Amino acid sequence: MHSGLIAALAATLLVAACGGGNDNGQAASAPAASAPAPASGTAPTLSLAAQVGEKMFFDKTLSGSGKLACASCHSPDFAYGPPNNLVVQLGGLDNNSPGVRTVPSLRYKEFTPPYSDLLDNPDGVTPPGPGGGYTWDGRAATLASQAPIPLLTSYEMANSGPAAVVNALKAGPYAALFKQAFGTDALNDTDKAFNFALSALQSYQQEDPDFHPYTSKFDLLRTNRGNYMTAQELRGLAVFNDENKGNCIACHLSGNAQGGSVAPFTDYSFEAVAPPRNPAIPANADPAHFDMGLCQATETGHSPATTPQYCGMYKTPTLRNAATRQVFFHNGAFRTLRDVVEFYNKRDTNPELFYSKAADNSVNIYDDLPAPYRSNVDMTVPVVHTRGAAPAMSEQDVDDLVAFLGTLTDGFQPPQK
Ligand code: HEC
Ligand code: HEC
């Protein structure tokens, strides 16, 4: 039993060491890294800009309906992910218009490099490939340039334009703070004021330690502050790292990564994992509608015609705090972590468990992608691809892996001695 523990620890350290060899050439924007870590228990001092951003984040008057704030979809109580089990959240002027994708957590995003077709892979082994950027398809380069998306999208906060946002800021209770942060005339010019507002949201997400607390049980182990892992969780860590079992680490990196980040549980790469089509997304009522991920992100220069090889790819999300989520993958195809792991394990060995049936009763494998793009589906996961073969993980491995994923939830309190 002890040798298992040592093997698991060694695997973690080994991975950290591998990542260290990379020169992190694309360390574009990692402002949070230089901020001194506040002593625990002390409230950090946010810059004035970040204080404005914090007010904005919780401000429902910044939506067309007056009922929706950033925090409505990105709840601080759920690692800044969705506070409910809805596959897509409701927004818009009527506050009843469905979105098209699940809400990602906003934690551990500050090291995300801008999107690149040839992002260096921090593992030092994988050749450069598509990676980086904000949203599931990488179409925003920075947190500031992401913010107009929710503010202006008709089924999200549904402002008619920047002027509507600026007017709300002018009328709101923190207009004085806004001017203190950005200058006495900061709200006079709409375009300038809107840009200040976007940078305020960015500063808040970068500066407030609650967006990157590193307080999980796994972090205590990783930083030598105590091993509170159970035997099952450690077995799960070994499954996570084992290239013949979970091989999760191939994308959900637990070592050093871009921009000096450590253990982000993503390498920001894009992959087509092919979660099954989810009829609970209203847009999917149209059989001709497909969310094609990276290849439809015109902002990054992609389209199905020019880059068909990217259709179906999404950015690898962090697994930190995944256990606090009630919907998984970009399309919310699964509702529990165990179902996600079962899917990885049996996607190709038992596709009938997950995918719809075609007219002739055959399994419509990878059914959330049009047939021409199904060859884009990643074959790193799951490990076994032969129909009917034994999957790579036993049921025990699956349970252990799920237990391990639970150790990535922030706010772990070591038992008092
Ligand atoms: C109606 C729900 C909703 C609201 C309100 C909302 N978001 Fe989001 N947010 C989403 C969804 C859905 C996505 C994923 C969009 C996509 O991939 O196309 C997302 C993605 C993001 C991302 C990218 C995260 C990543 O993993 O790349 C950031 C950052 C973000 N939102 C910040 C904000 C901010 C700041 C606000 C307020 C100005 C806000 N959001 C308001 C639903 C919402
Ligand atoms: C080849 C890269 C790759 C490997 C290997 C991989 N994943 Fe993923 N993972 C992704 C991508 C990409 C997504 C998003 C896919 C989507 O939404 O369509 C994802 C999504 C997830 C999610 C959903 C998270 C969320 O916020 O919705 C979980 C949980 C997850 N992976 C766990 C695992 C586990 C456990 C393993 C190992 C058994 C694993 N992954 C192996 C790339 C990978």
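Let's start at ligand 2, which has 26 residues around it, the closest being Gly246, Cys248, Cys251, Phe329 and His330. To count as near a molecule here, a residue needs its C-beta atom, placed from the backbone, within 6 Å of that molecule. What you are looking at is a predicted model, where local features need pLDDT of at least 70 and side-chain atom pairs count only at pLDDT 80 or more, while totals for chains, interfaces and linings use all residues. Residues are numbered from 1 along each chain as its sequence is written, and chains are lettered from A and ligands numbered from 1 in the order in which they are written.

Back to that shell. Sorted by class, the residues around ligand 2 are 17 nonpolar, six polar and three charged. The nonpolar class holds Ala, Val, Leu, Ile, Met, Phe, Trp, Tyr, Cys and Pro, the charged class holds Asp, Glu, Lys and Arg, and the others, Gly among them, are polar. Helix α12 gives the most to this shell, with four residues. Helices (H or I, at least four residues) and strands (E, at least two) are DSSP runs, numbered from the N terminus.

Ligand 1 has a shell of 25 residues, and the closest of these are Cys70, Cys73, Thr135, Trp136 and Pro150. Here the split is 14 nonpolar, seven polar and four charged. Three helices, α4, α5 (143-146) and α6 (148-152), each bring at least two residues to the shell around ligand 1, and the largest share, three residues, is from α4.

Now step back to the whole chain. It holds 13 helices and six strands, and 48% of its 417 residues are buried. Buried means that 20 or more other C-beta atoms lie within 10 Å of the residue's own; 12 or fewer makes it exposed, and anything in between partly exposed, with C-beta atoms placed from the backbone. Of the contacts with a separation of 6 or more, 70% join residues 24 or more positions apart. Two residues are in contact if their C-beta atoms, placed from the backbone, lie within 7 Å.

In soluble globular proteins, nonpolar side chains tend to be buried together. In this model, the largest nonpolar core has 60 residues, and Phe240, Leu294, Leu401 and Leu405 have the most contacts inside it. A nonpolar core is a set of buried Ala, Val, Leu, Ile, Met, Phe, Trp, Tyr and Cys residues joined through C-beta atoms within 7 Å. Helices α10 (217-222), α11 (231-241), α12 (337-346) and α13 (395-406) each supply at least two residues of this core, with α13 giving the largest share, six residues. Domain 1 (1-30 + 213-412) and domain 2 (46-101 + 136-201) both contribute to this core, so it lies between them. Those domain bounds come from an automatic or database domain assignment.

Leu294 is worth a closer look: setting aside residues up to four places away in sequence, it touches Pro130, Asp137, Gly138, Phe270, His302, Tyr310, Met313 and Tyr314. Apart from the largest core lies another, of 36 residues, with Val52, Ala140, Ala144 and Ala147 among them.

Next, follow α13 itself. Its twelve residues reach 17 Å from first C-alpha to last, close to the 16 Å expected at 1.5 Å a residue; that expected span is 1.5 Å times one less than the number of residues. Its buried residues, including Leu401 and Leu405, pack against α11 and α12.

Helix α3 (residues 48-57) is mostly covered too, with eight of its ten residues buried. Val52, Met56 and Phe57 are among those buried residues, and what covers them includes α4 (70-73), α8 (175-182) and α9 (190-207).

Finally, a few loops. Pro317 sits between β6 (314-315) and α12, and counts as buried because 23 C-beta neighbours lie inside 10 Å. Beyond four places in sequence, Pro317 is in contact with Pro104 and Thr266.

Most residues other than glycine have a negative phi. Asn224, in the loop between α10 and α11, has a positive phi near 60 degrees, and is exposed, with 7 other C-beta atoms within 10 Å. Asn247, in the loop between α11 and β5 (270-271), also has a positive phi, near 55 degrees, but Asn247 counts as buried, with 20 C-beta neighbours inside 10 Å.
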